[in-house]
Amino acid sequence: MAQAQPLLSLNGIVKTFGGVKALDGIHLSVSPGECVGLCGENGAGKSTLMKIVSGVYPHGTWDGEIVWDGAPLKAASVRDTERAGIVIIHQELMLVPELSVAENIFLGNEITLPGGRMNYAAMHRRADELLRGLGIEGINVAQPVMNFGGGHQQLIEIAKALNKNARLLILDEPSSSLTAAETRILLDIVRDLKRRGVACIYISHKLDEVEAVCDTVTVIRDGRHVETSPLAAMPAPRIVALMVGREITNLFPREAHEIGEVVLEARNVTCFDVTNPRRKRVDDVSFSVRRGEILGVAGLVGSGRTELMQAIFGAYPGTSRATVRVEGKTIAVRAPGDAIRAGIGMAPEDRKAHGIVPDLGVGHNITLSVLQRFVKRGSIDAAAELDTIHKSMRQLSVRAAHPFLPIANLSGGNQQKAVLTRVLLTEPKVLILDEPTRGVDVGAKYEIYKLIFALAKQGMAIVVVSSELPEVLGLADRVLVMGEGELRGDFLNDGLTQEAILTAAIEPAHRAAALPPNETAPV
């Protein structure tokens, strides 16, 4: 069969920020019914390139050429690209929390009645149809988006894109908030779109997803094009090697570490739903973590994993109660500052909402929790602060053109590394990491995993909450399993399988198989 004429061609794309080249001569093409996987490390330029394609960066702010359906595309805005049929689903969700599901899906494309009034009945019917097509039943599309979890919000974002009749759909880390079941639905949607002749660009650090739906793979590194080849010629190890410039043979560089006495005890943690106080999001959960131990926390979306950690850290937005002890001393945690002073540090799940101050510089985001260290005679010692910023950014390889660049301009993965850097500056005794590698490339994952093992070896007690079961099993000495707000399993990670974790998450009866909460595996 003859190769279809490209729907989109990018020729020699160059983008500069403040004299620094973020993209340097990128080439990429995609044809109708084709899915191109775009791979690269955080900061490689993937999201910047897609912002050019989608009109976020208008024509004239970059060099090179975009050819769309055989003619030059000179879009001045996102509206221009959407009219052409180019729709992007950003890594960071672009929903308005206070608006309803239907209002978000139709935002900017509302169905109206004569006289300009909103035709809510029609929008509700269409929104319901779109969500059912994504395999989601029973969502009240008249309810505010903020009432739904991250996984549902991601699928709502996809429904919003599909409502615009895209000819080219760009998916930027689309499964970062999805469960395994929701990800399977997403991949089926991509396959169906390809069959209908829709072109797709799929950006993901999850190479199993790239292998599942992509026909061609383009790899970029440090803003430059490295290689484009058919998927058959690009097995996962080769993609990784091209992305990071070296081979990674063992993603979990485990180091032997001793497990000591209990550092953190959390007893009878209970969280009440923000919108329905009669419902418990976490129901009387107790656990402990020992010095040098890596405790994994697993469970399905909505299981209460994040709420449990927020309550311990003083960050749960609703009503909660808990008894928290650090090194045997009971502490009153009313706000995150109380937890930090007691020696608890936390990197939150939603870095955009809770982890960063978007308009503040990268460096100032990093020192935000320890500013008092740099106060001299009533003012900030800027030189000392800058020295700490440089050292901290080197520690986790946070990539930024300069330390005062607004953190919102960084890739999602570099934002995440900046958040981790800030937490470590507080020198915690207990480190809580909620989805620490979400949106992070394989090279950066490896560096974060190395750091986690090194910190455990130094005696830090670490809690890792993750929706990726291979990550939990690759890191943890012991695994807690949450389900419907309850603790349903406490397992030594000795021959533990993904199937056993999922069974415990789904079946309350398996709680009886749990081990005592303070029992730890020999390491």
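Helices (H or I, at least four residues) and strands (E, at least two) are DSSP runs, numbered from the N terminus. This is a predicted model, in which local features need pLDDT of at least 70 and side-chain atom pairs count only at pLDDT 80 or more, while totals for chains, interfaces and linings use all residues. Residues are numbered from 1 along each chain as its sequence is written, and side-chain values use heavy atoms, with hydrogens and water left out.

**View 1. Asp-80 and Arg-83 form a salt bridge in helix 2.** Let's start with a salt bridge, defined as a side-chain nitrogen of Lys or Arg within 4 Å of a carboxyl oxygen of Asp or Glu. Here the distance from N to O is 3.1 Å. Because the two residues are three apart in helix 2 (residues 78-84), about one helical turn separates Asp-80 from Arg-83. Asp-80 is partly exposed at 27% relative accessibility, and Arg-83 is exposed at 62%. For these words, buried means under 20% relative accessible area, exposed means over 50%, and partly exposed lies in between (1.4 Å probe, protein chains only).

**View 2. A salt bridge joins Glu-41 to Arg-399.** Their side chains meet at 3.4 Å, N to O. Glu-41 sits in the loop between strand 3 (35-39) and helix 1 (46-53), and Arg-399 in the loop between helix 13 (382-395) and helix 14 (412-425), so the pair ties together parts that are 358 residues apart in sequence. Which partner is buried? Glu-41 is, with a relative accessible area of 10%, whereas Arg-399 is partly exposed at 34%. In the whole structure, a search finds 36 salt bridges.

**View 3. Lys-376 pairs with Asp-381 in a salt bridge.** The N to O distance is 3.2 Å. Both ends are partly exposed: Asp-381 has a relative accessibility of 22% and Lys-376 one of 48%. Elsewhere to look, Glu-261, Arg-291, Glu-327 and Lys-429 are joined into one network by salt bridges that share partners.

**View 4. Phe-17 and Tyr-57 make an edge-to-face aromatic pair.** Rings of Phe, Tyr and Trp (its six-membered ring) pair if their centres lie within 6.5 Å; planes under 30 degrees apart count as stacked, over 60 as edge-to-face and the rest as tilted. A search of the whole structure finds two aromatic pairs. In the pair of Phe-17 and Tyr-57, the centres are 5.7 Å apart, with 65 degrees between the planes. Phe-17 belongs to strand 1 (residues 8-17) and Tyr-57 to the loop between helix 1 and strand 4 (63-68), so this pair links distant parts of the chain, 40 residues apart. Phe-17 is partly exposed, at 33% relative accessible area.

**View 5. Phe-252 and Tyr-449 are stacked.** Why does this pair count as stacked? The ring centres are 4.8 Å apart and the planes stand at 20 degrees. Phe-252 is in the loop between helix 8 (236-244) and strand 11 (262-272), and Tyr-449 is in helix 15 (residues 442-457), 197 residues apart. Phe-252 is buried with a relative accessible area of 19%, and Tyr-449 is buried at 1%.

**View 6. Helix 17 has a buried side.** In helix 17 (residues 498-506), the buried residues are Ile-501, Ala-504 and Ala-505. They lie on the same side of the helix because they cover an arc of only 100 degrees around the axis, taken from the directions from the helix axis to the C-beta atoms. Their cover includes strand 13 (294-299), helix 16 (469-475), strand 21 (478-483) and strand 22 (486-492), where contact means heavy atoms within 4.5 Å.
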